[in-house]
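Student: I've got a model up on my screen and I'd like to know where the labels come from. Can we go through them one by one?

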Amino acid sequence: MRRRHFVVLFVILLWLPTLSGCRTRSFLSTKQEIELGKEGAREVEQEFRVDTTSPDAERVRKIGESLLPHMDRRDVPYSFKVLISNQINAFSLPGGPVYVFRGLLDLVGNDDSALACVIGHECGHINARHVARHISTDIIHSALISILFPNANVQNAVGLVDQIIQLKYSRDDEYEADWRGLSYAYYAGYDPNGLIRFFHKLELVEKWEGGNNTPEWLQDHPLTPERIKRAEWIIAHHDYRYGH
């Protein structure tokens with residue numbers, strides 16, 4: 001009952017509305033983020049089959065690892081894995097895990113630069129600690145921190161992965177993750193226009209489906225004309241301010 005109570009409380013907090021315009025600094029330590037990511041990864045890999053041996057799995061791992069030297073944050077154990085599912089999706093967890101669905105790989109095709117930008121985007125969420133910020137904000141808005149984090153330990157956050165995966169990032173979070181992903185991909189030697197090509201492919205999928213079957217990546221990472229324009233502006237102005 002105590003574990004169930006913990007999960008219910010955490011879910012409630014995660015979805016509480018945050019203060020408008022307020023970006024809370026994360027008070028989760030790096031160690032806590034890593035613990036949360038490990039627990040989430042265990043749940044993900046129980047729910048989905050993980051591809052560890054195919055050329056696709058090797059490709060995702062190699063591209064992800066090629067971005068690592070160019071990221072702002074290298075104090076977490078990144079991992080890059082393929083999930084066997086036709087969903088057009090990718091997501092990251094706090095503390096390093098990044099997952100790409102087979103359906104997204106099929107959409108990207110052989111465009112390594114597009115894939116690098118998508119993986120870079122997910123790493124951008126990790127580098128900017130977006131999930132940790134959301135969690136911190138929601139906990140601050142509650143009076144339940146002592147219940148949710150007894151002894152500052154997050155290992156009991158069982159069942160949290162679904163809420164993390166379905167977390168709707170803010171517009172500013174998406175802009176920042178795009179900017180970071182473009183920067184990491186550029187410095188790693190990829191064509192940043194790959195992100196634009198990926199966006200246009202997502203738009204085509206929506207158009208083909210008549211808007212009735214929005215790709216999962218768009219559900220979690222809403223695509224707007226403004227977001228495309230911002231990415232084009234970054235590329236045109238060579239403004240790769242993140243990473244190195």
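Tutor: Sure, and let's begin with the word "helix": here it stands for a DSSP run of H or I with at least four residues, numbered from the N terminus. Just after one such run, α5, Arg129 takes a positive phi of about 60°. Keep in mind that this is a predicted model.

Student: What makes residues 112–127 count as helix α5?

Tutor: Helix α5 has 16 residues, and a run needs at least four, so the label fits. The first and last C-alpha atoms of α5 are 21 Å apart, close to the 22 Å expected at 1.5 Å a residue.

Student: How do you know whether α5 is largely enclosed or not?

Tutor: Check its residues against the burial cut-off, which is under 20% relative accessible area. In α5, 15 of the 16 residues are buried, so the rest of the structure largely encloses this helix.

Student: Why is His121 called buried?

Tutor: His121 sits in helix α5. Its relative accessible area is 0%, and buried means under 20%, so the label holds. Setting aside neighbours within four places in sequence, His121 is in contact with Glu174, Ala177, Asp178, Gly181, Trp217, His221 and Arg227.

Student: What makes the link between the side chains of His121 and Asp178 a polar contact?

Tutor: The two side chains are joined at 2.7 Å. The limit for a pair of N or O atoms is 3.5 Å, with one able to donate a hydrogen and the other to accept it, so 2.7 Å qualifies.

Student: Back to Arg129. Why is Arg129 called partly exposed?

Tutor: Arg129 lies in the loop between α5 and α6 (130–140). Its relative accessibility is 22%, and the partly exposed class runs between 20% and 50%, so that's where Arg129 belongs. As for the backbone, the phi near 60° is a positive value in a residue other than glycine.

Student: Where else does a residue other than glycine have a positive phi, near 55°?

Tutor: At His238, in the segment after α12 (225–236). With 47% relative accessibility, His238 also counts as partly exposed; exposed would need over 50%.

Student: And what makes Leu28 buried?

Tutor: Leu28 is in the loop between α1 (2–14) and α2. Its relative accessibility is 3%, so with the cut-off at 20% the call is buried. In sequence, Leu28 and Arg129 are 101 residues apart, yet their C-alpha atoms are 9.5 Å apart in space.

Student: How do you know that the span of α2 agrees with what a helix should have?

Tutor: Do the check at 1.5 Å a residue: the 18 residues of α2 should span 26 Å, and the end C-alpha atoms are 26 Å apart, which agrees. Buried residues in α2 include Ile34, Leu36 and Val44, and also Glu33, Glu35 and Glu39.

Student: On to the sheet. Why is the pairing called mixed?

Tutor: Four strands make an open sheet in the order β1-β2-β4-β3, with mixed pairing. At the edges are β1 (50–51) and β3 (90–92), each pairing on one side only. Going through the pairs, β1 and β2 are antiparallel over two bridges, β2 and β4 are parallel over five bridges, and β3 and β4 are antiparallel over three bridges. Pairing takes at least two bridges, so β1 and β2 qualify.

Student: Which residues face each other across those pairs?

Tutor: Val50 has Leu83 in β2 as its bridge partner, Phe80 stands opposite Val98 in β4, and Ala90 has Val100 in β4 as its bridge partner.

Student: What lies across the sheet strands, and at what angles?

Tutor: Helix α2 lies across β1, β2, β3 and β4, at about 25° to β4. Helix α3 (residues 55–67) lies across β1, β2 and β4, at about 150° to β2. Angles run from 0 to 180 degrees between N-to-C directions, so the 150° value places α3 nearer to opposed directions with β2.

Student: How many helices and strands are there in the protein, and how much of it is buried?

Tutor: The protein has twelve helices and four strands, and 54% of its 244 residues are buried. Of the contacts with a separation of 6 or more, 78% involve residues 24 or more positions apart.

Conventions
Residues are numbered from 1 along each chain as its sequence is written. This is a predicted model: local features need pLDDT of at least 70, side-chain atom pairs count only at pLDDT 80 or more; totals for chains, interfaces and linings use all residues. Side-chain values use heavy atoms; hydrogens and water are left out. The expected span of a helix is 1.5 Å times one less than its number of residues. Buried means under 20% relative accessible area, exposed over 50%, partly exposed in between (1.4 Å probe, protein chains only). Contact means heavy atoms within 4.5 Å.
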